[in-house]
Amino acid sequence: MSASCAAASELLHNMNKQISSILYTKASCVIRRLSTSSSRCRSQPQPRAESAPQQLVGVVGLEIHAQINSNTKLFSGSSVRFTAPPNSLVSFFDASLPGTLPVLNKRCVDAAVMTGLALSCTINRMSLFDRKHYFYADLPAGYQITQQRRPIAVDGTLTYCFLGGKKRSQVIRKTVNIKQIQLEQDSGKSLHDDLRSQTLIDLNRAGVGLMELVMEPDMSCGEEAAAAVRELQLILQALGTCQGNMSEGQLRVDANVSVHKPGEPLGIRAEVKNINSVRYLARAIDYEIQRQIDILQRGGTVQNETRAYDSKSGETVPMRDKEGLQDYRFMPEPNLPPLIVYEDNASLPTGIDACQAVVVETIRKVLPELPSVKRDRLVQTYGILPEHSFTLVNEDGLVDYFEAVLKVTKMGPRKVIGWVIKELLGHLKQQDMSVSQSPISPSALAELLELQETGHISSSVAGQVFQEMWKSSGKTALQIVQELDLGLVSDTAQLHSICQKVVDSNPDEVNAIRNGNKKVLNKLMGLVQKETKGRADPVLVRAILQEKTLLKSDC
Amino acid sequence: MSAFGLVAKRGVSPKIIRPSFNLLTNDGYSAASSFLQGHNTNITRLLSSQPHNPKVPKVATWEPASEDQLPPPAQIPADLVDKLERLALVDFRTKQGLACLEKAIRFADQLHVVDTSSVEPMDSVLEDRALNLRADAVTEGGCAEELLQLSKNTIEEYFVAPPGNIPLPTKEERASMLKHSEL
């Protein structure tokens, strides 16, 4: 878009601000409204109908590289490990020595097919390998073997959810289309020594199997992209096809970001790289969308470029590596015949070695429970809210924790879920800890909940005990209750005297109750609990107070 | 100048493939003998698991391709030279170097004479073979010392390479470079 054109559209955009906010208030996250200053356009005349006001919205597509969780590399028998001495996991093939040939790892094919099935892809019966050329020292062959013309899986979908709505308690469900999943080689690692102007090369990662997942630009903001990646991460981990650890580079996300007006062709996109956590992904995308909107509104043009996310400044900055369009000079990989997978055992040709054949039906049969199914199961089995099932599944290990607590307590799941999400997860989040790092084990929490459930402690005291258990891990709930004398006061005589004191010092409230305003009794109960620091047995207190206020009214 | 007047037809229906195994043996023999005798090349798909396709001539034929059959000679703009030099990591921005490149392109231009319409390109001589799949067991690696010996420069257990991402010269720099070159 030319500068003048962009300026004109900005003018229109401002003029139409009022109408657009009416039109789009009800739209969901798909149409993200911009917060621009609207003071300028208040007095502007109404525009014509056909120049319907539309605001710039973000469009986000993702390219995800998932390292396949396998013992050995995609085309060689050297091991795959994150930490190892440099160049110790390198075969002659990985070092691209002349005369070496690729031999495909069956595990990698199985993993790609399984991932494809979990994402409802069509598995291509025949797929092809290609060479993609580029020159970096960490790719010594000068090309990467990938699947450009015909990837192993195509046309899938990923359904993801995130919590939205006013209280962020509403589960919003969306779907993104998966264009393809292709098998390809990872590159080695370069350590740049700027001081001596040289690069140190470690080929341990060179040739590790990757699944590249291409997601269509069906997302509109950082939050959606982050939720989609999180869901993918959960699926890959459930399948065991990728460990999904972003900080170790097992899952690497590049985001293609552009902005346009809904209904119009997509804008020029920038690619954002260097994103190593789901949280940064959301921030990087939202920053980039806003940056592009700002450029267009100032009348500028977005550059087609690669940008890196700087997590310290929260900004995206241009990367230097791409000059214009890169020519990868794709060509068929002559050393690998087409990869054939078979639908079922019946379709296996005679004479094929069974341990060589990739059979889709066999893999389909061993698909584990996927996160979405797990959520539904949790809702149905335990009667918990969908948003709670969402939180449970999203935190590594929290479902197991929840179910472990349930096994050893009589407390109902709907009460337990409150404890697990509000108290346990709240504390964990506050200190940036994972579920496995929790100082309170499931059985310890169960013991505490049991004390509350059987009426030994009140719910407010249970909260207090939880805090104590968190601070001094190792002590049981019962020990803390005894040490701090937090047990429920059920001594009738003691409660009688406390209640009497409260009744005597609040004659107005007593009168109100006497005149029929029964709700005021709750206030008196509160005062009694204050006296006993929340330890009074509420059932007993209520009975005593009722008795005392009624007695008075009888007088 | 001459060009291959030979196009291998692919994807032909099984009907026209002679199910004769004698033929395959014959072909194998003839190819082997001609190889031994060092006569003109006899093209057969020895590695193909399909018997010889009768549509494929047994002997390569050569026809001269005249200049007027070829497309006009390619012009090589300066920025393409620039790009090729970068990709090839070879400097050839001399009269001699450019003449060599032009000659190579002209030679390849002869391929345009070959009619390849409705012929599916072939990837590999192995394309009708089953792809061998390997079990996921560690069999290689642990040879860092051996590999590092092959490298000119190493530091500890790393290979040492020149710094990556060297930016291209700017348009202006390039223009001044060209001014001083032999062009």
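## A buried phenylalanine

At 2% relative accessibility, A:Phe75 counts as buried. The model you are looking at is a predicted one, and this residue makes a good place to start reading it. A:Phe75 sits in the loop that runs between β1 (57–67) and β2 (104–105) of chain A.

What does A:Phe75 touch, once neighbours within four places in sequence are left aside? Its contacts in chain A include A:Phe93, A:Leu101, A:Pro102, A:Val103 and A:Leu104. A:Phe129, A:Ile145, A:Gln185, A:Gly207 and A:Leu336 are also in contact with A:Phe75. The list has a member from chain B as well, B:Arg134. A:His65 lies 10 residues from A:Phe75 in sequence, and the two are 17 Å apart in space, C-alpha to C-alpha.

## A buried glutamate and its partner

A:His65 comes up again beside A:Glu212, since the side chains of these two residues are joined by a polar contact of 3.0 Å. You will find A:Glu212 in strand β11 (residues 209–219) of chain A.

Why does A:Glu212 have no salt bridge? The nearest side chain of opposite charge belongs to A:Lys132 and is 5.6 Å away, whereas a salt bridge has to fall within 4 Å, so this pair does not count as one. A:Glu212 is buried all the same. Not counting residues up to four places away in sequence, A:Glu212 touches A:Glu63, A:Ile64 and A:His65, along with A:Gln180, A:Ile181, A:Gln182 and A:Glu184.

## Chain A and its cores

Now for a wider view. Chain A holds 17 helices and 17 strands. Of its 555 residues, 49% are buried. Among the contacts in chain A with a separation of 6 or more, 68% are between residues 24 or more positions apart.

The largest nonpolar core has 75 residues, and the members that touch the most others are A:Leu62, A:Val109, A:Val113 and A:Leu183. Leaving aside neighbours within four places in sequence, A:Leu62 is in contact with residues including A:Leu213, A:Val214, A:Met215 and A:Met219. Others in contact with A:Leu62 are A:Ala225, A:Val229, A:Val253, A:Asp254, A:Ala255, A:Leu281 and A:Ile285. Another core, of 40 residues, lies apart from the largest one, and A:Val416, A:Ile417, A:Ile421 and A:Val461 are among its members.

## Where the two chains meet

How many residues does each chain bring to the contact? Chain A gives 53 residues and chain B gives 38. Together the two chains bury about 3,900 Å², with 59% of that area on carbon and sulfur atoms.

On the side of chain B that touches chain A, α2 (78–88), β3 (133–134), α4 (144–149) and β5 (158–161) each supply at least two residues. Between the chains there are 0 salt bridges, while 18 residue pairs are in polar contact across the interface.

## Two residues with positive phi

Most residues other than glycine have a negative phi. Here are two residues with a positive value. A:Asp432 is not a glycine, yet its phi is about 55 degrees. A:Asp432 is found in the loop between α10 (413–430) and α11 (442–453) of chain A, and this residue is exposed, with a relative accessible area of 65%.

In chain B, the residue to look for is B:Ser118, whose phi is near 60 degrees. B:Ser118 lies in the loop between α3 (95–109) and β3. Is B:Ser118 buried or exposed? Its relative accessible area is 70%, which makes B:Ser118 exposed.

Key:
Residues numbered from 1 in each chain as written. Chains lettered and ligands numbered in written order. Predicted model: local features only at pLDDT ≥ 70, side-chain atom pairs only at ≥ 80, totals over all residues. Heavy atoms only, no water. Core = buried A, V, L, I, M, F, W, Y, C linked by side-chain atoms within 4.5 Å. Buried < 20%, exposed > 50% of the residue type's maximum accessible area, 1.4 Å probe, protein only. Contact = heavy atoms within 4.5 Å. Helix = DSSP H or I, 4+ residues; strand = E, 2+ residues; numbered from the N terminus. Lys, Arg positive; Asp, Glu negative; His and termini not counted. Polar contact = N/O pair within 3.5 Å; in protein donor to acceptor, adjacent residues only side chain to side chain. Buried area = accessible area lost by both parts, 1.4 Å probe.
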